[in-house]
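Trainee: I have a new model open and would like to learn how to read it. Where do we start?

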Amino acid sequence: MLGYRFTHYNKPDETPFDKLFNIFKQLLTYTSGDVKEAISWLTELDKEYKLTEPDYGMGDFIQELKDRGYLRDDEPGTGKIVMTAKTEQAIRQQALEKIFGKLKRGKAGNHSTKYTGLGDETSSDIRPFQFGDSLDQISMLESIKNAQINNGIGDFMITEDDLEVKEKEHKTQTSTVLMIDISHSMILYGEDRITPAKNVAMALAELIKRKYPKDTLDIIVFGDDAWQIEVKDLPYLQVGPYHTNTVAGIELAMDLLRRRKNANKQIFMITDGKPTCLIENGKYYRNSFGLDKKINNKCLTLAASCRRLKIPITTFMVASDPYLQQFVHEFTEANNGKAYYTSLQGLGEFIFEDFERNKKRSFK
């Protein structure tokens with residue numbers, strides 16, 4: 001009797017290309033889209049863990065990436081290789097499966113609310129016909145039954161008063177702004193905080209694109225200043241030698257949401273530190289020593305403004321310093337929003353669960 005026999009796990013039907021490609025996509029996120037550096041790291045991993053096979057080497061993998069449209073030569077003769085849009089989409093898909101795949105699946109469809117009205121899915125509620133209701137809403141069974149009761153079977157006729165319709169569920173659309181802190185502290189102290197933030201942003205963007213196509217997602221990064229980036233820019237995102245201008249980020253988020261026509265608007269902010277910068281009269285005002293009262297007050301004022309505009313701010317704090325948590329507490333209280341003090345490993349789960357939860361209600 002042989003008993004139990006343990007071997008290395010091999011994923012069923014996984015080709016050598018698929019195995020390398022899954023690792024390569026993760027490395028591209030870590031290297032901010034630097035293909036040369038990602039290939040260099042993959043080569044080192046191959047030396048240590050024997051990722052390639054005798055009949056399928058690293059050169060074969062690189063050529064297949066080009067043949068499949070994942071890589072292209074930037075300029076002929078330069079030797080520089082860059083990612084294509086197909087690779088960017090594949091990285092977002094991997095992030096979505098990695099983060100969202102851990103969560104429990106909810107009801108299929110768009111975001112349901114407790115309200116009825118114009119929508120695309122019928123509910124079990126029945127009500128009398130009203131002018132403006134479409135014909136496809138009429139419940140023939142209920143309407144014919146009413147006609148029989150009101151007019152009798154022998155002289156059957158159906159009138160407008162007999163008609164009843166199936167109510168439709170109102171579907172809410174949401175405009176979300178995701179703010180990502182790219183100040184220098186996001187890579188300080190030997191901890192990479194920007195890569196998990198990028199993965200969450202890419203996964204959230206892919207989720208909205210697939211499941212909630214009528215929603216909008218705007219992505220903002222903030223350091224000394226704040227600016228908007230496209231979803232396709234996320235794999236290339238890097239931190240800089242920046243302070244943390246939370247004020248500029250919120251102001252830009254409010255401006256973007258002001259242009260959106262959706263009634264439901266929200267801001268998600270991923271940060272690891274205190275606000276240390278703002279712009280006054282065209283000049284930077286910076287203070288990295290402790291919590292600056294002028295900067296804090298400006299942040300709290302903007303938080304209160306968002307509250308009046310019915311824009312909740314959910315802050316995801318990836319640092320555990322007590323005095324920083326105190327600032328986040330005051331900021332959240334001023335906005336009547338929410339705050340999560342989470343590890344980098346739990347960041348994605350928190351954001352997706354909160355995003356899904358917010359879709360089931362209207363912000364009032």
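Mentor: Start with the sheet, and keep in mind that this is a predicted model. Six strands, written 6 in the count, make an open sheet with mixed pairing. The order across it is β7-β6-β5-β8-β11-β12.

Trainee: Which strands are at the edges of that sheet?

Mentor: An edge strand pairs on one side only. Here those are β7 (226–229) and β12 (338–341). On average, neighbouring strands are turned by 20° against each other, direction ignored.

Trainee: In which sense do β5 and β8 pair?

Mentor: Strands of a sheet pair through backbone hydrogen bonds, and the pairing may be parallel or antiparallel. Strand β5 (residues 174–181) and strand β8 (residues 264–271) are parallel, with 7 bridges. To find the register, pick a bridge: Val 177 has Ile 267 of β8 as its partner.

Trainee: Which helix packs on the sheet there?

Mentor: Helix α7 (residues 246–259) does. It touches β5, β6 (216–222), β7 and β8. The direction of α7 makes about 160° with that of β5.

Trainee: How many bridges join β5 to β6, and how do these strands run?

Mentor: They run parallel, joined by 7 bridges. Leu 178 is partnered by Ile 219 in β6.

Trainee: What about β6 and β7: parallel or antiparallel?

Mentor: Antiparallel, with 4 bridges. The two strands form a hairpin, and 3 residues lie between them. Look for Phe 222, which stands opposite Ala 226 in β7.

Trainee: How many residues of β6 are buried?

Mentor: The count is 7 of 7, so β6 is largely enclosed by the rest of the structure. Check each face in turn. One side has Thr 216, Asp 218, Ile 220 and Phe 222, all buried. The other has Leu 217, Ile 219 and Val 221, buried as well.

Trainee: Now helix pairs. At what angle do α7 and α8 pack?

Mentor: Read the angle and the axis distance together. Helix α7 and helix α8 (residues 293–308) pack at about 20°, with axes 9 Å apart. Angles under 35 degrees count as roughly parallel, so α7 is roughly parallel to α8. The crossing of these helices is left-handed.

Trainee: Which residues of α7 and α8 meet?

Mentor: From α7, take Thr 246, Val 247, Ile 250, Glu 251 and Met 254. They meet Ile 295, Lys 298, Cys 299, Leu 302, Ser 305 and Cys 306 of α8.

Trainee: How do α2 and α3 cross?

Mentor: Helix α2 (residues 35–49) and helix α3 (residues 58–67) cross at roughly 145°. Their axes come within 11 Å. This crossing is right-handed. On the α2 side, Ile 39, Leu 42, Thr 43 and Asp 46 make the contact. On the α3 side, Met 58, Phe 61 and Ile 62 do.

Trainee: Which residues have the most contacts inside the largest nonpolar core?

Mentor: In soluble globular proteins, nonpolar side chains tend to be buried together. The largest core in this model has 54 residues, and Phe 24, Phe 61 and Ile 180 have the most contacts inside it. Helix α6 (residues 194–211) gives the most to this core, 10 residues. Apart from it lies another core, of 29 residues, including Val 177, Ile 220, Leu 256 and Cys 306.

Trainee: What is Phe 24 in contact with?

Mentor: Set aside its neighbours within four places in sequence. Phe 24 then contacts Val 35, Ala 38, Ile 39, Leu 42, Phe 61, Leu 65 and Leu 71.

Trainee: Then a charged side chain. Is Lys 274 buried or exposed?

Mentor: Buried means under 20% relative accessible area. Lys 274 has 14%, so it counts as buried. Lys 274 lies in the loop between β8 and β9 (277–280). Beyond four places in sequence, Lys 274 contacts Thr 244, Ser 288, Gly 290, Leu 291, Tyr 323 and Leu 324. Lys 274 and Leu 291 are 17 residues apart along the chain, with 7.0 Å between their C-alpha atoms.

Trainee: And Thr 332: buried or exposed?

Mentor: Buried, at 11% relative accessibility. Thr 332 is in helix α9 (residues 322–335). Leaving out residues up to four places away, Thr 332 touches Gly 337, Lys 338 and Ala 339.

Trainee: How many helices and strands does the protein have?

Mentor: There are 10 helices and 12 strands. Of the 364 residues, 47% count as buried.

Note on methods: Residues are numbered from 1 along each chain as its sequence is written. This is a predicted model: local features need pLDDT of at least 70, side-chain atom pairs count only at pLDDT 80 or more; totals for chains, interfaces and linings use all residues. Side-chain values use heavy atoms; hydrogens and water are left out. A nonpolar core is a set of buried Ala, Val, Leu, Ile, Met, Phe, Trp, Tyr and Cys residues joined through side-chain atoms within 4.5 Å. Buried means under 20% relative accessible area, exposed over 50%, partly exposed in between (1.4 Å probe, protein chains only). Contact means heavy atoms within 4.5 Å. Two strands pair if DSSP finds at least two bridges between them. Axes are lines fitted to C-alpha atoms, for helices over the stretch in contact, and angles run from 0 to 180 degrees between N-to-C directions. Angles under 35 degrees count as roughly parallel, over 145 as roughly antiparallel, 65 to 115 as roughly perpendicular and the rest as oblique. A crossing is left-handed if the near helix is turned anticlockwise from the far one by less than a right angle, and right-handed if clockwise.
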